Structures are given as C-alpha cells and as structure tokens.
Amino acid sequence: QIHPGVMYGRWCPEKWDGNPVDEKPLFYQGVEEFSESVLMGLTNEVQAIRKKMEEMVPGLDLGDAGTLHQWYLDSYAGQMEDDSSLRMCMNTNPGYRGLT
C-alpha cells in the first residue's frame, strides 16, 4: 500500500505536469496532504475488506490487518518526531531522512 500510494500521490495527473523535475523528490519525507489522502483511501479500503471478511467467515480474526498509521506507530514507536498522523509519521521518521 505504501509505495504505490506514495508514487501515485506524487506522479498522478492531478499533481504532475509530465515535465522533468529539477531534483529527486524525497520519497517518505515528501508525502504531503494529497499523497496522505491517497494512502488513507487505500488503508480504508483494506479495513472495509477486513471487516466484510470477518462478517462473512465466523471466527475469522484479521485484527493484525491494521491501518497504515497504526503500523507506523507499532513499527517505529518512539522514533518519529511527530506521530500525530500518517503523514507526520512518514515525514519525521529519522530512518527515512533524505531517501529519494
């Protein structure tokens, strides 16, 4: 979900005019509001599928299929400067600093 969502958010027709860019954009730290909305749409779709599958299959527990924001909170707890939103988790994770 993360990589396709970030790539779409950066290079979709709504955001990119098709011309070369002057410098390599930051990948994770470059996630802005539009890309975050793409990622949230993807994570919400997964959550809807998870819920429907759990309703259809008695005893099925897909609780480990959490949201992207929760995945960042679980995976990088205490490492991000700001974990208030998915975008801020990605923008302030020191492990992602400078990645293009």
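## Contacts, ring pairs and salt bridges in a predicted model

T92 touches Q79, M80, E81 and D82, where residues up to four places away in sequence are left out of the count. The model described here is predicted, and every value below was computed from it. T92 itself lies in the segment after α4, a helix that covers residues 86-91. With a relative accessible area of 12%, T92 is buried, because buried means under 20%. One of the residues that T92 touches, E81, also comes close through its backbone, since the backbone nitrogen of E81 lies 3.3 Å from a polar atom of the side chain of T92.

E81 takes part in a further interaction through its own side chain, which meets the side chain of R97 in a salt bridge with an N to O distance of 3.1 Å. Because E81 lies in the loop between α3 (68-75) and α4, while R97 lies in the segment after α4, this pair ties together parts that are 16 residues apart in sequence. E81 is exposed, with a relative accessible area of 62%, whereas R97 is partly exposed at 49%.

A search of the whole structure finds 4 salt bridges, and the table sets out some of them, including the one between E81 and R97.

| Salt bridge | N to O distance |
|---|---|
| K15 and E32 | 3.7 Å |
| R50 and E54 | 3.7 Å |
| E81 and R97 | 3.1 Å |

The salt bridge of K15 with E32 joins two residues that both lie in the loop between α1 and α2 (33-56), so the pair ties together parts that are 17 residues apart in sequence. K15 is partly exposed, with a relative accessible area of 43%, and E32 is likewise partly exposed, at 27%. R50 and E54, by contrast, both lie in helix α2, 4 residues apart, which is about one turn of the helix. The relative accessible area of R50 is 22%, which makes this residue partly exposed, and E54, at 24%, counts as partly exposed too.

The aromatic residues give another view of the model, for the structure holds 8 aromatic pairs. In one of them, F27 and Y28 are arranged edge-to-face, with 4.8 Å from centre to centre and 80 degrees between the planes. F27 counts as buried at 14% relative accessibility, and Y28 is buried as well, with a relative accessible area of 12%. The rings of W71 and Y72 have centres 5.0 Å apart and planes at 90 degrees, so this pair is also edge-to-face. Here the two partners differ in exposure: W71 is partly exposed at 40% relative accessibility, while Y72 is buried at 0%. Both of these pairs belong to a wider arrangement, in which ring pairs link F27, Y28, W71, Y72, Y76 and Y96 into a cluster.

Other nonpolar residues are found at the surface, where M7, W11, W16 and V21 form a nonpolar patch with about 350 Å² of accessible area together. Among the members of this patch, W11 lies in helix α1, which spans residues 2-11. W11 is partly exposed, with a relative accessible area of 31%, and this value suits a place in the patch because patches are made of residues with over 30% relative accessible area.

Definitions and conventions. Residues numbered from 1 in each chain as written. Predicted model: local features only at pLDDT ≥ 70, side-chain atom pairs only at ≥ 80, totals over all residues. Heavy atoms only, no water. Buried < 20%, exposed > 50% of the residue type's maximum accessible area, 1.4 Å probe, protein only. Polar contact = N/O pair within 3.5 Å; in protein donor to acceptor, adjacent residues only side chain to side chain. Contact = heavy atoms within 4.5 Å. Patch = residues over 30% accessible without salt bridge, like charges linked within 9 Å, V, L, I, M, F, W, Y side chains within 5 Å. Areas by Shrake-Rupley, 256 points an atom, 1.4 Å probe, with all protein chains shown as cover. Phe/Tyr/Trp six-rings, centres within 6.5 Å; stacked < 30°, edge-to-face > 60°.
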